[in-house]
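Work through the exercises below with the sequence and the model at hand. Each task is followed by a solution in steps.

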Amino acid sequence: MIFRYARHTTDLKRIEKFYTEIAGLQKLGSFEAHEEYDGIFLGIPGLDWHLEFTVSPDKPHSKFDEDDILVFYKDSPAELAAMRSIIERNQITLETPKNPYWSKYGLMISDPDGYKIMFALKHQS
């Protein structure tokens, strides 16, 4: 199975910059003028998931709340600390999650469209 999360945006360049430079994803592909849509695929090569962002003449009408969070798990405290440094270096404001669990284990910010992004420590079983 392959997982793709697709979302409409108004600014592909800004979204690509955020998810590659801040979140550490790579551009896996793109398309232009496909039935009035342009888009990009972002992820990590070799994994069975990726994010797709699209733009078209229609503006997005997304509705999300404080519990709608895209979570990226880090494998170690050192990786999470490195993520904190990237966030601070880019002067991105840390936000307080509604769910207290996320406050204990992660760092929450918003992407350029206002969607919540969480970088959290992966718990070892």
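Helices (H or I, at least four residues) and strands (E, at least two) are DSSP runs, numbered from the N terminus. The model is predicted, so local features need pLDDT of at least 70, side-chain atom pairs count only at pLDDT 80 or more, and totals for chains, interfaces and linings use all residues. Residues are numbered from 1 along each chain as its sequence is written, and side-chain values use heavy atoms, with hydrogens and water left out.

**Exercise 1. The chain as a whole**

Task: State which elements the protein chain has, and compare its radius of gyration with the globule rule.

Solution.
Step 1. The protein chain has three helices and seven strands. From the N terminus on, their order is β-α-β-β-β-β-α-α-β-β.
Step 2. The radius of gyration of the protein chain is 15 Å, close to the 14 Å that the globule rule gives for 125 residues, so the chain is as compact as a globular protein of that length. The radius is taken over C-alpha atoms, and the rule is 2.2 Å times the number of residues to the power 0.38.
Step 3. Along the principal axes, the C-alpha atoms occupy a box of roughly 45 × 30 × 30 Å.
Step 4. Of the 125 residues, 33% count as buried. Buried means under 20% relative accessible area, exposed over 50%, and partly exposed in between (1.4 Å probe, protein chains only).
Step 5. Among contacts with a separation of 6 or more, 52% join residues 24 or more positions apart. Contact means heavy atoms within 4.5 Å.

**Exercise 2. Two neighbours, His-8 and Thr-9**

Task: Locate His-8 and Thr-9, and find which polar contacts their side chains make.

Solution.
Step 1. His-8 lies in strand 1. Thr-9 is in the loop between strand 1 (3–8) and helix 1 (12–22).
Step 2. His-8 is buried because its relative accessible area is 17%. Thr-9 is buried because its relative accessibility is 1%.
Step 3. The side chain of His-8 has a polar contact of 2.9 Å with the side chain of Thr-54. A polar contact is a pair of N or O atoms within 3.5 Å; within protein, one must be able to donate a hydrogen and the other to accept it, and residues adjacent in sequence count only if both atoms are side-chain atoms. The His-8 side chain also reaches the backbone oxygen of Asp-58, at 2.8 Å.
Step 4. The side chain of Thr-9 makes a polar contact of 2.6 Å with the side chain of Asp-113. At 3.5 Å, the Thr-9 side chain reaches the backbone nitrogen of Asp-11.
Step 5. Leaving aside neighbours within four places in sequence, the contacts of His-8 include Thr-54, Val-55, Pro-60 and Asp-113. On that basis, the contacts of Thr-9 include Thr-54, Val-55, Pro-60 and Asp-113.

**Exercise 3. A buried loop residue, Leu-25**

Task: Describe the place and surroundings of Leu-25.

Solution.
Step 1. Leu-25 is found in the loop between helix 1 and strand 2 (26–34).
Step 2. Leu-25 counts as buried because its relative accessibility is 5%.
Step 3. In sequence, Leu-25 and Ile-44 are 19 residues apart; in space, their C-alpha atoms are 5.8 Å apart.
Step 4. Beyond neighbours within four places in sequence, Leu-25 contacts residues including Ile-44, Trp-49, Leu-51 and Phe-72.

**Exercise 4. Positive phi at Glu-35 and Glu-36**

Task: Give the phi values of Glu-35 and Glu-36 and state whether each residue is buried or exposed.

Solution.
Step 1. Glu-35 lies in the loop between strand 2 and strand 3 (37–43), and Glu-36 is in the loop between strand 2 and strand 3 as well.
Step 2. Phi of Glu-35 is near 50°, a positive value in a residue other than glycine. Glu-36, not a glycine either, has a positive phi of about 75°.
Step 3. Glu-35 is exposed because its relative accessible area is 69%. Glu-36 is exposed because its relative accessible area is 59%.

**Exercise 5. Lys-122 after strand 7**

Task: Find which residues Lys-122 contacts, leaving aside its neighbours within four places in sequence.

Solution.
Step 1. Lys-122 is in the segment after strand 7 (116–121). Lys-122 is partly exposed, as its relative accessible area is 38%.
Step 2. Its contacts are Tyr-73, Lys-74 and Asp-75.
Step 3. Tyr-73 and Lys-122 are 49 residues apart along the chain, with 5.2 Å between their C-alpha atoms.
Step 4. The side chains of Lys-122 and Asp-75 make a polar contact at 3.1 Å.
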